[in-house]
Every structure is written in C-alpha cells, then in structure tokens.
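Here's a quick briefing for anyone opening this structure for the first time. Take a look around, then read on.

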There are 2 protein chains.
Amino acid sequence: MGKTYVLGVGMTKFEKRPETPLEEMGVEALREALKDAQIDPKQIQAVYCGHAYQGVSAGQRVMVAFGFSGIPITNLENVCASGSCAIQEAFFAVQTGRYDICLALGVEKLSTRVGGPLAPGFDDLEDSLGLTFGALYALRARRYMETYGLTSEQLAKIAVTNRKNGYYNDKSSHGELISIEDVLNSRMVSDPLHLYDCNPNTDGAAAAIVVNEKIVKRIGGRPIEILASSLTSGKFEPGFIDMTFEDITWRSAQEAYEKAGVGPNEIDFAEVHDCFTIAEILRTEGLGLCKRGEMVRWIEEGVNEISGRKPINPSGGLLGKGHPLGATGVAQIREIVLQLRGEAGRRQIEGARIGLAHNRGGVVTGTEGAASVVTILRKP
Amino acid sequence: MGKTYVLGVGMTKFEKRPETPLEEMGVEALREALKDAQIDPKQIQAVYCGHAYQGVSAGQRVMVAFGFSGIPITNLENVCASGSCAIQEAFFAVQTGRYDICLALGVEKLSTRVGGPLAPGFDDLEDSLGLTFGALYALRARRYMETYGLTSEQLAKIAVTNRKNGYYNDKSSHGELISIEDVLNSRMVSDPLHLYDCNPNTDGAAAAIVVNEKIVKRIGGRPIEILASSLTSGKFEPGFIDMTFEDITWRSAQEAYEKAGVGPNEIDFAEVHDCFTIAEILRTEGLGLCKRGEMVRWIEEGVNEISGRKPINPSGGLLGKGHPLGATGVAQIREIVLQLRGEAGRRQIEGARIGLAHNRGGVVTGTEGAASVVTILRKP
C-alpha cells in the first residue's frame, strides 16, 4: 500500500446561492483545487463525487460543465457523510495503486432543493412521529445536561467559538462575532437548542486532488498525507441507546487510529460534525479526544478554541461555516490541509502536525445512523 | 492483487410490486445470495448498494431491515449502471485486500417512484426539448436502419428473442412467447420503436457475495471468478456524435478485455443493456463482439439466441426481464454466474466458460452518457 496525499484543495464560499447551478459551484471548487495542486485537469484519472439530494449523475454534470470527462466517475451517497466517502474512495483507489491521481468532489445545493424539508427522503417512523434532527439533538442535549451538568450557556459557548472561527474563514458567509447572550436570546428551535445552536442551511462545493508518492515526487507542491480513513454504520440495536455517547463515532475512530498508527493524544486538532452545539460535544467525546463528560470543562477552559490545547472546528465547522451536505466532508479535508500547511491565516493553529476529520450522516430507525467517517491526515 | 470471486447470488422476481417496501425486496435478494453462498451474514465486512432514485441511506435501510449493520455501507449512483458500480466497488475492495467478503446490492422500486417520469432528475436541455429516452433511441434506430439496412422486423426479432429468454427465467414477470407481428402490432412509442421494443418499468432487488481466494478455499461452493471490471463516462464532445456506434461502450470494453487478458472472441455470451431493441445492437457492436453493422446478419441467423454462436441476454435482458435500474447490474452478474455454473435451467448455454456483463447509465447533455461498465467473469 503506497503513501497517499492530498495535493490540492478548493471550495466555493459556503453561502446561499439559489441562482448558481450546482455544476457551476462544482467547477469553481475544482478549478481552485487544480490551481492549488498545480496539475493539469487531464491528469485526473477518476472522480468520486459525494452528494445527498442533487439527482442522478451529479459528478458527471460537474465534469462536463468543466469540459473534461470520459474517465470513470462514480457518485456516492451516505447522507451528510457523502463527501467524506468521496475522499475515502479516492484515498483507497490511489493507495491500492488503481490510479495515480483522483479527484474527490462534494457538492450540494440546499437553498433550492425540491421536495421539502431535510427529511430522510423515505418513510422514517421516528421522523414521522416528530423526531426531526432538531428534536433528536435536543433530547440528546437534555440527557447530557442531566448526566454531566452541562448548561445552556456552555452549549452557547460552542456556537460562539465556532461562529468566531467561521468569521476568520473567507469561505464562510455564516461566521459572526456573537455573544453567549445572542445565542440564548435567539429563538428556541427545540428546547434546549436555540437557533444559534443549529447549523445554517447552505449551498456549496469542495474538491480535493488525491495523489500517490510518484506524483508528489514529480510535482512537489505542498502535499499532506492521508494516514487512514474509516467508515462504519450504526448497529441495529432495538431498545436502549445511550444518548450521551456515540458508539458509531467511537468505532470508526478506533479503527482509524489503529490504521493510522496514531492515538487520540497525538491528534493536534479536529474538524467534527457539529450539526448542533451538542453534537460537537458528543463527537469530540466519541472520538476519544477527551473523556466522557469532560467537554463541560473543556468548554469552560477554552480547550476547544483555536488558542486552546485541542482546537475543534477551526474552520468554523458546520455551525460557523454552514453544511451543504455532500460538500462538508471534502471541505473538512481542505481545512485540515490548510492548517497542516500553515496556510490557515488568522485561524491558524500553531504547530499542528496531525489533524482529524469526523463526519456523520443520516438517521435509520433502530440504529445510531447511516454513516460515520474518520479521516486522519499528517504533515509529511 | 488476489483472485476474486462471486460466491453467491440472489434476486427478487423482477415485477411490479407497489405494495412491497424497497427494504423488503433488498432483504429477499440478500437472503437468497447468502443461502447460495452458504455463508453467515455476520461474515459480511462491507456493503456497496447501487440505486438511482430511492432516497438516502438505501443500503443502510436494507441492512437494518435484515437485522445486521454496524459495518461500512456505501451507496453508489451511476443511474442505470448503479448496480454494476456496486459490483465493481465490491470487486476492487476484495481484490486489493481491503476485505475478504463484501456484499454488492442493487435495489430499485420504480412502480411507486415519486417525482414523475424517469427524467434525468435535473434540468437536462435535450430532455426538456423532447429528447426522452424513447425519442433518443428512436433516432439512433432510424440512423442505424439508414446506414446498415436494418428493418423493423429485425428489431422486433430481438424483442421476441429476449422475451422468450425471459419466459424461461423464473425471476422475470415480463417473459412472453410473442411473435414478430405482436411486436409490430404493439402501439408505436417513438417511430420506429413499438411498445415491445422498449423495456418494461419494474421493481426489484439483486445481491451478490464477493469473496477472495481464502474464503473460497475455506467454504468451497460454486465460485465464479471476476476477471475485470471497467467503468468510464461519456466524453464531452459538442457537435457530431456517431449515433450508430457507442464510443463509451467501446472504451469500457477495451479496458476490460485488456485487464482480463481475454479478447471479444473468447467471450461465450453476454448480458448487455438492451433498454430498447436498437440498444442491444449498439451495445453488442460497441463491445466488439461483432463488427459494425454485422448484427443485422446475426439477428437473421439467430447468432444472438441461446442456441446461437454468441448468445446475448440469456436472462431475457432488460426487455425480457424488466429494468429496476439499480438492481439490473447485479442481476446481470447473477445470470452470468448461473450460466457459468451450468445452473440456468431451460435457458442454459452449453459449454459457457467466459461471460461478459455490460451496463450503461444516464444522459448528460453533450456526451454519450454518464457511465458504461463492463464486467468479465470466468468459470474457474
């Protein structure tokens, strides 16, 4: 198995762009990634495109809009984790020698999505009974509060931190310098989650060029190595599921640590799936980056802030940057690459050498969800 | 790269089943494949699920309905070729040593699909101007007739042959013993294509268990080796495209022959994407199984019939068995496995040693389409 690298990354600004075709957003992200990698588009040997709700042939439509196709193009869907699966497939294809250069794309346009709200897209029993995403995470937040003494103010502090990180990210239109009071005064969505506890609906695209060592030796550039990528699905466990802990995230993380040969203590920072403020807590603990319940203290002490000991979501995360489903996983990889290169500007984490991306997707009745993907990258 | 095999196959009957949930059909196909492979479901290490229009998390929903999840599950979409991509990903994952045992699923329920006709699912310029699939293939049929002297009777003979093959396939509800006159007397859909020249709308699911040599040595069974799987997309070529020949099919076939180390002359039979009668001609020639224009003579002489020198679509194909998009590619593999094992009953091809599956998907304006997949299998 050869060493595998991300050589170039690109993304559109994450914002509402109802007038812009999906294909145009994909092309914009692709152009930036190609420029960043300094490779000719004709060198791309295969494309993996992740998205959830953009109809058939999304990857092909982007490539034809770009003006280059005739190569293998595969569309992947694992709901919110779709983009991470595109990265994973590109990684495996290059790592196993199938290709030298692959493109991972993530695209999603939610502002004009037909078909109503972000429901599962099928008859989900829990959803139809009112257990929407907001309600589900509100229940989890309430349970966590009861168990570990988490307060609404501490939850709000995550929203403040991530939106501040997003404020220093020129690819986010959702970054804001807000206060804990602003969060607590925003309208209640599902008690105890206020509007600012929820990630904003967004459009966007992101791209990453994944290559092997041969290409790195030839082109140079600023490659960042992919050490491991691990995917799993929720176990089918009717009955009690511990709402304060994510077994699916734990399992995918443990596998990734083992494959990468690094433990959670060696992870300098992480991008995690903070679809709600409580989600950042559940994921950070599920990844084993801190102990169960320890996030309460982390938040108080600012451990998860960019200046802290273990920064979480320096890009702004889903809360501070938005969450165009398929694009999110690829944009996470972009942030890790920029941070490890030392190119993250005002949100740069000092001395970061190893970064982790965690992405989650979907609800499936009777399980913890459809997918959890953990990707670990290292500065060579 | 280790040798890779299909150890078990299963499928639902392809028929209209509006009352049956998609998940139930998936489980039905999976159970049959597991029984055929004689493996315990808990041995499955990863799942690849192909479908085009079934909403998010289809693979996860099937596995949870079956009662076993918590493993990597990835959904793949390449329109009508989605199931072939599931087979391909399972093949690559096992071949490269990532897993010992993978499940490839294909599921699609078209009889209750919301969202209207089988349009591309996005704003396709050609489709919006009236160039639906039926119209597109009618134009291609007309051009082929002008170029090579093909007659409506010869086109009709393909419908007769494939529906006869389907008649001997207990998994088809669309098999019929019909005459050329029946085809010519059926209502005109898009001149020169009559109703019987078109494949029927169907629901269904199919499953295949893909394993490495280690598992074959342990379990035994009746394994069929996958020699190669090749995917490509249509080239972006504004302007003239030769409507009597498929470059996309040709390119994917040539790559598959090279990878497999076998030429078209060594292919004993093939399952090809006969969405319309003319499509069987274009694909058989595009695969290089006969020369351009030679299919006219083949049809007259019955070369493509089960008793002929190069049987095409012994399962009935899309015309004689129906076309539940995502399930089609996996069902093609099932047919090849049964034929190579000598288990195809009344539609058995004598002495078949190498079989080829060809699947196509999608329209993308300015190209020949979204995907073409060629898979070659051999009796060990």
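Before we get going, contact here means heavy atoms within 4.5 Å. Keep in mind that this is a predicted model. We'll start with chain A as a whole, then zoom in on some helices and loops in chains A and B.

**Chain A overall**

- Chain A is built with 13 helices and 11 strands.
- Its C-alpha atoms fit in a box of roughly 55 × 45 × 40 Å along the principal axes.
- The radius of gyration of chain A is 19 Å, which agrees with the value near 21 Å for a compact globule of 380 residues.
- Some 67% of the 380 residues in chain A count as buried.
- Take the contacts in chain A with a separation of 6 or more: 79% of them come from residues 24 or more positions apart.
- On the outside, chain A exposes about 12700 Å², and carbon and sulfur atoms supply 50% of that.
- As for charge, chain A carries 41 positive and 47 negative side chains, and the centres of these two sets sit 6 Å apart.

**Helix H6 of chain A**

- Helix H6 of chain A runs over residues 152–167, which makes 16 residues.
- From first C-alpha to last, H6(A) reaches 22 Å, close to the 22 Å expected at 1.5 Å a residue.
- An α-helix has 3.6 residues a turn, so residues three or four places apart point the same way.
- Which residues of H6(A) are buried? Among them are A:Leu155, A:Ile158, A:Ala159, A:Asn162, A:Arg163 and A:Gly166.
- And what do the buried residues of H6(A) pack against? Their partners in chain A include the helices H5 (133–148), H7 (180–185), H10 (277–286), H11 (295–301) and H12 (317–321). Strand E6 (193–194) is one of the partners too.

**Helix H13 of chain A**

- Helix H13 of chain A covers residues 325–341, and its end C-alpha atoms are 25 Å apart, which agrees with the 24 Å that 17 residues should span at 1.5 Å a residue.
- H13(A) is mostly covered, with 17 of its 17 residues buried.
- Just past H13(A) comes A:Gly342, with a positive phi of about 80 degrees.

**Helix H10 of chain B and its surroundings**

- Over in chain B, helix H10 (residues 277–286) has 10 of its 10 residues buried, so it is largely enclosed by the rest of the structure.
- The buried residues of H10(B) include B:Ile278, B:Ile281 and B:Leu282, and also B:Glu280, B:Arg283 and B:Glu285.
- After H10(B) you'll find B:Gly288, which has a positive phi near 75 degrees.
- B:Met243 belongs to the loop between strand E8 (224–232) and helix H9 (247–260) of chain B.
- Is B:Met243 buried, exposed or partly exposed? B:Met243 is partly exposed, because its relative accessible area of 27% falls between the 20% limit for buried and the 50% limit for exposed.
- Along the sequence, B:Met243 and B:Leu282 are 39 residues apart, yet their C-alpha atoms are 8.9 Å apart in space.
- Setting aside neighbours within four places in sequence, B:Met243 is in contact with B:Leu136, B:Leu139, B:Arg140, B:Arg143 and B:Leu282.

**Cis peptide bonds**

- In chain A, the peptide bond from A:Asp191 to A:Pro192 is cis, with omega near 15 degrees. A:Pro192 is in the loop between strand E5 (188–190) and E6 of chain A.
- In chain B, a cis peptide bond links B:Asp191 and B:Pro192, with omega about 10 degrees. B:Pro192 has its place in the loop between strand E5 (188–190) and strand E6 (193–194) of chain B.

**Loop residues worth a click**

- A:Ser57 has a positive phi near 60 degrees, though it is a residue other than glycine. You'll find A:Ser57 in the loop between strand E2 (46–50) and helix H2 (58–66) of chain A, and it is buried, with a relative accessible area of 1%.
- B:Gln38 has a positive phi as well, near 55 degrees. B:Gln38 lies between helix H1 (22–37) and strand E2 (46–50) of chain B, in the loop, and is exposed at a relative accessible area of 61%.
- B:Gly261 sits in the loop between H9 and strand E9 (269–271) of chain B and is exposed, with a relative accessible area of 58%.
- The C-alpha atoms of B:Gly261 and B:Pro324 are separated by 31 Å, and the two residues are 63 apart along the chain.

Definitions and conventions:
Residues numbered from 1 in each chain as written. Chains lettered and ligands numbered in written order. Predicted model: local features only at pLDDT ≥ 70, side-chain atom pairs only at ≥ 80, totals over all residues. Heavy atoms only, no water. Helix = DSSP H or I, 4+ residues; strand = E, 2+ residues; numbered from the N terminus. Rg over C-alpha atoms; globule rule 2.2 N^0.38 Å. Buried < 20%, exposed > 50% of the residue type's maximum accessible area, 1.4 Å probe, protein only. Areas by Shrake-Rupley, 256 points an atom, 1.4 Å probe, with all protein chains shown as cover. Lys, Arg positive; Asp, Glu negative; His and termini not counted. Charge placed at Lys NZ, Arg CZ, Asp CG, Glu CD. Expected span 1.5 Å × (residues − 1).
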